[in-house]
Amino acid sequence: MKKLINDPDDVVDEMLDGMVAAYPDQVRRLPDTNVMVRDDAPVDGKVGVVSGGGSGHEPTHAGYLGEGMLDGAAAGDVFSSPTADEFEALLEAADSGEGVLAVIKNYEGDVMNFETAGEMVEMEGTDVATVVVDDDVAVEDSLYTSGRRGVCGTILVHKAAGAKAAEGADLEEVQRVGQKVIDNVGTMGMALTSCITPEKGEPTFDLPEDEIELGIGIHGEPGVERTDVMEADEITEELTEAVLADLDLDEGQEVMTIVNGMGGTPLMELFVVNRKLQELLGDRGLETWDAWVGDYMTSLDMEGCSITVCAVDEELKELLDAPAETPALTVK
């Protein structure tokens with residue numbers, strides 16, 4: 001294993017300190033925790049929006065802290081949920097008195113620990129609402145979930161809910177908008193290679209040189225099919241068709257798309273995928289309103305990508321296009 005790390009046990013701690021050092025005017029770390037908040041949190045008169053989960057998916061989650069997106073994020077160990085105590089500190093730090101929306105990816109540890117933390121802070125007077133993101137169309141259950149996994153569509157939930165909160169909307173409205181994105185988004189990913197976790201120091205699963213895996217999860221959970229290597233256009237068609245079959249969109253529907261890298265894929269290849277994705281959407285009579293390409297929710301150094309499609313209306317377009325300033329995403 002060749003990685004730019006020191007002791008694997010210290011990698012999350014050192015990552016968070018390095019992030020604060022890079023963005024001292026945007027984020028800060030709560031003492032003695034792995035909780036990061038925007039520098040001005042809690043923001044007076046505004047609903048807090050928070051998220052969190054295992055590390056290794058950067059820039060998710062703390063990369064989206066800032067104006068127009070998240071107020072706080074908790075980081076667990078690599079591919080492991082933060083504890084309920086960490087989530088409790090996160091919810092408390094983000095509450096200005098207007099309540100907090102927790103955006104939870106549908107992994108059992110995240111859901112359980114967020115729910116426990118929510119119960120604890122509600123006893124102290126903090127209002128908490130939740131949305132659970134389950135945008136992965138590939139599998140209904142996995143090693144980590146009961147029901148569909150939460151993957152890259154989560155970023156659009158952060159963006160829309162964060163924008164609604166920045167408008168001054170109440171907790172119920174911010175939750176409604178987050179759920180609206182979840183109801184209209186689908187994602188499917190694939191892997192060319194396994195990722196290598198710092199603790200293990202070797203591939204988390206065996207994927208021969210002449211095979212790829214379709215529908216894989218962001219922790220390396222099994223997908224739906226292992227096949228021979230295919231060209232980029234064939235892979236893009238497999239992923240896109242699965243997402244569109246799940247969404248069942250009408251001709252003429254406007255959509256937003258994300259071609260997301262899994263951490264080890266060059267931008268060159270992601271743009272090749274996006275080229276075919278947009279061609280397929282056009283063939284279906286769908287109209288692309290906006291298209292993002294890059295690393296938004298990764299799986300350490302895995303080579304591969306995911307494709308996200310979200311149906312948008314005027315409300316979602318306004319929120320997704322609203323200003324945001326975070327370490328990983330700026331919209332002006």
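This passage describes a sheet, the helices lying across it, and some unusual backbone sites in a predicted model.

The sheet is open and has six strands. Their order is β9-β8-β7-β12-β10-β11, and the pairing is mixed. Strands β9 (225-228) and β11 (287-294) stand at the edges. Each has a single partner strand, so one side of each lacks a neighbour in the sheet. From one strand to the next, the twist averages 20 degrees.

Strands β7 (residues 185-191) and β12 (residues 304-311) run antiparallel. Seven bridges join them. Val185 has Cys310 in β12 as its bridge partner.

Two helices lie across strands of the sheet. Helix α6 (residues 232-247) lies across β7, β8 (211-214) and β12. Its direction is at about 155 degrees to β7. Helix α7 (residues 267-283) lies across β10 (254-261), β11 and β12. This helix runs at about 155 degrees to β10.

Most peptide bonds are trans, and most residues other than glycine have a negative phi. Some sites in the model depart from these patterns. The peptide bond from Ala41 to Pro42 is cis, with omega near -5 degrees. Pro42 lies in the loop between β2 (35-38) and β3 (48-55). Thr60 and His61 are also joined by a cis peptide bond, with omega about 15 degrees. His61 is in the loop between β3 and β4 (72-78).

Asp32 has a positive phi of about 60 degrees. It lies in the loop between β1 (27-29) and β2. Asp32 is exposed, with a relative accessible area of 83%. Asp248 has a positive phi near 55 degrees. It is found in the loop between α6 and β10. Asp248 counts as exposed because its relative accessibility is 62%, and the cut-off is over 50%.

Conventions: Residues are numbered from 1 along each chain as its sequence is written. This is a predicted model: local features need pLDDT of at least 70, side-chain atom pairs count only at pLDDT 80 or more; totals for chains, interfaces and linings use all residues. Side-chain values use heavy atoms; hydrogens and water are left out. Two strands pair if DSSP finds at least two bridges between them. Helices (H or I, at least four residues) and strands (E, at least two) are DSSP runs, numbered from the N terminus. Axes are lines fitted to C-alpha atoms, for helices over the stretch in contact, and angles run from 0 to 180 degrees between N-to-C directions. Contact means heavy atoms within 4.5 Å. Buried means under 20% relative accessible area, exposed over 50%, partly exposed in between (1.4 Å probe, protein chains only).
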